[in-house]
Amino acid sequence: MQEVLKIFKIGGGIIDDPGQLQQFLGELAKLDNKIMLVHGGGKGASQMLQELGIEPKMVQGRRITDAATLDIVTMFYAGKTNKQVVAGLQAYGVNALGLSGADGNVIRASKRPVREIDYGFVGDLDEQSINTELLQSLLGAGLTPVFCAITHDGQGQLLNTNADTIASSLARALAPFHQVELHFCFEKDGVLADVQDENSVIPQITPDEYQALKAQGVIAAGMVPKLDNAFAALEAGVERVVIENALKINEPVKTILCRS
Ligand SMILES: Nc1ncnc2c1ncn2[C@@H]1O[C@H](COP(=O)(O)OP(=O)(O)O)[C@@H](O)[C@H]1O
Ligand SMILES: CC(=O)N[C@@H](CCC(=O)OP(=O)(O)O)C(=O)O
């Protein structure tokens with residue numbers, strides 16, 4: 001029987017609120033399993049870019065990342081945010097290790113090719129991107145890896161990569177070695193049947209139900225790439241995918257995605 005590995009992803013909404021972040025990290029520290037954490041921070045990065053006079057540009061949920069934007073998001077994600085999360089976990093006795101993709105060559109990406117849109121320094125991941133050997137040894141040493149959304153191309157170029165994509169890729173790459181659970185945590189209690197109604201959490205969704213909910217417009221905006229990624233991870237051997245409130249990971253209310 002393989003050991004359970006829980007991979008958590010938290011987004012900008014929670015990270016930017018120090019009280020909520022602390023509460024989430026406290027709940028995470030209660031778990032007995034091996035864990036990994038991937039954090040975004042897109043909301044705070046956009047705010048910082050604006051304060052510095054750069055207008056943030058997002059296309060289909062991905063940031064157009066020119067050289068100046070890359071400098072700022074690297075400082076924000078790999079610096080301030082990553083180190084705050086690591087220090088927060090240390091305060092709960094969790095021996096966290098903060099990583100960008102360049103550290104230990106843990107996530108290597110390739111710059112997104114220019115087609116209709118030039119995304120700039122945005123990195124895409126593939127099957128070979130994740131250094132599973134290093135991750136296995138870090139987990140074996142009792143460390144909790146904490147990833148930010150910065151990767152590298154192996155040629156000295158840092159790249160900005162969507163945090164949901166990083167979490168899914170980690171889950172897929174580690175699925176042969178562990179029973180992997182992928183947890184997408186945000187500010188709602190799960191996937192809602194009515195976005196305005198916090199009590200309308202859908203407990204389970206199959207791929208067919210997902211297609212129907214998407215067609216009806218029930219699932220929209222940032223939730224679409226998240227769930228596309230999530231179902232792809234399930235298909236690729238990830239044991240369980242959960243969408244849940246970052247502050248309620250130890251409570252039963254959540255959405256579980258099913259293979260069929
Ligand atoms: N059916 C739905 N249930 C829950 N959230 C939804 C739904 N449809 C759209 N959303 C929106 O998707 C958002 C989550 O996507 P996103 O902002 O990309 O998350 P994150 O930044 O945490 O990765 C929610 O905050 C919500 O506004
Ligand atoms: C290429 C790309 O879009 N990168 C994302 C990385 C951060 C992220 O994914 O943050 P959330 O999970 O909080 O949205 C960005 O810069 O917004």
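# Briefing: a buried strand, an open sheet and two ligand shells

Strand E2, residues 34-39, has 5 of its 6 residues buried, so the strand is largely enclosed by the rest of the structure. This is a predicted model. Strand E2 belongs to an open sheet of 8 strands with mixed pairing. Two ligands are present, with 18 residues around ligand 1 and 17 around ligand 2.

**Strand E2 and its partners**

- Strand E1, residues 4-10, pairs with E2 in the parallel sense, over 6 bridges.
- Within that pairing, Phe 8 has Leu 37 of E2 as its bridge partner.
- Lys 9 stands opposite Val 38 of E2.
- Strand E8, residues 144-147, also runs parallel to E2, and 2 bridges join them.
- On the E8 side, Val 38 has Phe 147 as its bridge partner.
- Val 38 therefore faces Lys 9 and also Phe 147 of E8.

**The sheet as a whole**

- In general, strands of a sheet pair through backbone hydrogen bonds, in either the parallel or the antiparallel sense.
- Here the strand order is E5-E8-E2-E1-E11-E13-E14-E12.
- The edges are strand E5 (96-99) and strand E12 (204-205); each has a single partner strand, so one side of each is left without a neighbour in the sheet.

**Ligand 1**

- The closest residues to ligand 1 are Gly 11, Phe 186, Leu 192, Gly 222 and Met 223.
- Helix H1 (12-15) supplies at least two residues of this shell, and so does helix H8 (223-235).
- The shell around ligand 1 is made up of 9 nonpolar, 6 polar and 3 charged residues.

**Ligand 2**

- Gly 12, Gly 40, Gly 42, Ala 149 and Ala 163 come nearest to ligand 2.
- At least two shell residues come from each of helix H3 (42-51), strand E4 (62-63) and helix H6 (163-174).
- Helix H3 gives the most to the shell around ligand 2, with 3 residues.
- The class counts for ligand 2 are 5 nonpolar, 8 polar and 4 charged residues.

**Helix packing**

- Two packed helices are described by the angle between their axes and the distance between those axes.
- Helix H3 packs against helix H4, residues 67-91, at an angle of about 130 degrees, and the axes are 10 Å apart.
- That angle makes H3 oblique to H4.
- The H3 and H4 crossing is right-handed.

**Exposed loop residues**

- Gln 60 sits in the loop between strand E3 (58-59) and E4.
- Its phi is near 50 degrees, a positive value in a residue other than glycine.
- Gln 60 counts as exposed because it has 8 C-beta neighbours inside 10 Å, and the cut-off for exposed is 12 or fewer.
- Asn 105 lies in the loop between E5 and strand E6 (110-111).
- Phi of Asn 105 is also positive, near 50 degrees, and this residue is not glycine.
- Asn 105 is exposed, with 11 other C-beta atoms within 10 Å.
- Gly 156 lies in the loop between strand E9 (150-152) and strand E10 (158-160).
- With 7 C-beta neighbours inside 10 Å, Gly 156 counts as exposed.
- From Gly 156 to Cys 185, the separation is 29 residues in sequence and 32 Å in space, C-alpha to C-alpha.

Note on methods:
Residues are numbered from 1 along each chain as its sequence is written. Chains are lettered from A and ligands numbered from 1 in the order in which they are written. This is a predicted model: local features need pLDDT of at least 70, side-chain atom pairs count only at pLDDT 80 or more; totals for chains, interfaces and linings use all residues. A residue is near a molecule or strand if its C-beta atom, placed from the backbone, lies within 6 Å of it. Helices (H or I, at least four residues) and strands (E, at least two) are DSSP runs, numbered from the N terminus. Ala, Val, Leu, Ile, Met, Phe, Trp, Tyr, Cys and Pro count as nonpolar, Asp, Glu, Lys and Arg as charged, and the others, Gly among them, as polar. A residue is buried if 20 or more other C-beta atoms lie within 10 Å of its own, exposed if 12 or fewer, and partly exposed in between; C-beta atoms are placed from the backbone. Two strands pair if DSSP finds at least two bridges between them. Axes are lines fitted to C-alpha atoms, for helices over the stretch in contact, and angles run from 0 to 180 degrees between N-to-C directions. Angles under 35 degrees count as roughly parallel, over 145 as roughly antiparallel, 65 to 115 as roughly perpendicular and the rest as oblique. A crossing is left-handed if the near helix is turned anticlockwise from the far one by less than a right angle, and right-handed if clockwise.
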